[in-house]
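Visitor: Hi, I'm new to this one. Can you show me around?
Guide: Sure, here it is.
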Amino acid sequence: MESTPLRARVCIGLVALGALCSMYALPSTHIPWWAVALLAALYAGGERLSGSFYPVLLAGAFLLPPSAAALVAVPGALIAPAGGRQQPLRRVWRASQLAVAVWPAAWVYRLLDERDAVVAAEFPHVLVHAGAAVLAFCLVLTALDGGILALAERRPLRRTWHELFLRSLAPIAVHGLAGLMMAVLWRSPYGPVSALLVLLPMCVSWWAFAQYHRENAAHQATIRALVQAVDIKDGYTRGHSERVGSATMMIARELGLADERVEVLRFAGILHDVGKLGVPTRLLRKNGPLTPEERRVIELHPEYGHEMVRGISFLGEARAAVLHHHERLDGTGYPYGLSGSQIPESARVVAVADAFDAMTSTRSYSRARPVSVALRELEKCAGSQFDPRMVGALVRAVDQHGWHPAVTADETAVPALHPQVAGAPGAPR
């Protein structure tokens, strides 16, 4: 949401209005305010420490009237850390989203649980009722998340929501079970203090999860540092890696790949040229034709890159893309001359994205070509150099979302087209 489109802002406003409507009945219903305040404080503390503290919200849905349950999330969401420049907007969205999701969950539970099975400890009926409430919470939460992503980033709505729902259902179900345990203990003779014991093991697991995220952030910082080093060394292609990462994401999403693979392929696109750190700078910045020996030196960069990243375990198939992104479908590429399906899918995606950005960016040896010309060139080479499926996915993605390439070199003095690049999209350099 760094630059939130107007349509996404309108969506946020409507969801915020819905959150206010869900709490309109507060003055006319009997509310145990001490319970609302305690749950809100627990949620606010958990939100600041570990992020989404759904067990407390779902416990509120089992214990409180719907309007009061919706209120529990608001203070914590409004004061929680929010990354990016538009922190107020992010906080309003988060508070509104959670309030709107908790409200139907509480209503579903009330409609099904007329005898208050939490107090009566009526098992397994209470599990069925609670499960229905958790399902309602998950459906609404992921529908809102999918909607805002579709509006802000132009993702396909149905596929985005479906992926979010499948990925969120199991974790939210576990949170719902913890929330139910909290509610049962809360209403037991031991009182609310005993309910806090449920949170202790979950806090430990969240701490371990936070450690994982910190480690992941460290890996990503390493990736950014490597890319910056490449950009500094090969100044004519500054920004190329990030743009290839973006084009790779467009292709992967058009192919319908899961979000996890899309992210891995984005890393592959970003890191595909990291091996240039092992190539002499004079060759990377040479304006004239390359000699056969110089070309062989540059063609070592995929192997250099693979050596650099193979120890980063979470990159997965991105490492194969770094090694094989200059292979060709007809077997005339390098470093190993693989052909057809021997070339990893990730490498075939990155090869198309790399060639597309190379053709649409101004280099020391070539002017940028119009996007339409670059796409026609890719289609011309599909089947021999590039995978036709990847080329088709890029063409469809660009038709739908457009492409705005950046100039990566000074256009005031651009020499003639490099002879090794003129007829070969995506050639090294």
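Visitor: Which side chain does E254 meet in a salt bridge?
Guide: E254 pairs with R396, at 3.2 Å from N to O. A salt bridge here is a side-chain nitrogen of Lys or Arg within 4 Å of a carboxyl oxygen of Asp or Glu.
Visitor: What does that pair tie together?
Guide: E254 lies in helix α11 and R396 in helix α19, so the bridge links parts that are 142 residues apart in sequence. Helices (H or I, at least four residues) are DSSP runs, numbered from the N terminus.
Visitor: What sort of model is this, by the way?
Guide: A predicted one: local features need pLDDT of at least 70, side-chain atom pairs count only at pLDDT 80 or more, and totals for chains, interfaces and linings use all residues. Residues are numbered from 1 along each chain as its sequence is written, and side-chain values use heavy atoms, with hydrogens and water left out.
Visitor: Back to E254. Buried or exposed?
Guide: Partly exposed, at 26% relative accessibility. R396 is also partly exposed, at 42%. Buried means under 20% relative accessible area, exposed over 50%, and partly exposed in between (1.4 Å probe, protein chains only).
Visitor: How many salt bridges are there?
Guide: The count comes to 14. One of them joins R261 and E317, with the closest N and O atoms 2.8 Å apart. R261 lies in helix α12 (residues 259–271) and E317 in the loop between α15 (301–309) and α16 (318–324), so this pair ties together parts 56 residues apart in sequence.
Visitor: Any others?
Guide: R328 and D330 meet at 3.3 Å, N to O. Salt bridges with shared partners also join R261, E317, E345 and R389 into one network.
Visitor: New topic. How much space lies in the second largest pocket?
Guide: About 600 Å³. A pocket is an open set of points on a 1 Å grid over the protein atoms alone, where a 1.4 Å probe fits, with protein on both sides within 12 Å along at least five of seven lines; lining residues have an atom within 4 Å of a point. The volume is the space filled by probe spheres set on the points, which are joined across faces, edges and corners.
Visitor: Which lining residues are closest to its centre?
Guide: E153, R154, M250, R253 and H401, out of 18 that line the second largest pocket.
Visitor: Which helix gives the most to that lining?
Guide: α11, with six residues.
Visitor: Last one. Why is α4 largely enclosed?
Guide: Ten of the 14 residues of α4 (residues 66–79) are buried, so the rest of the structure largely encloses this helix. Among them are P66, V72 and G76.

How values were computed: Helix = DSSP H or I, 4+ residues; strand = E, 2+ residues; numbered from the N terminus.
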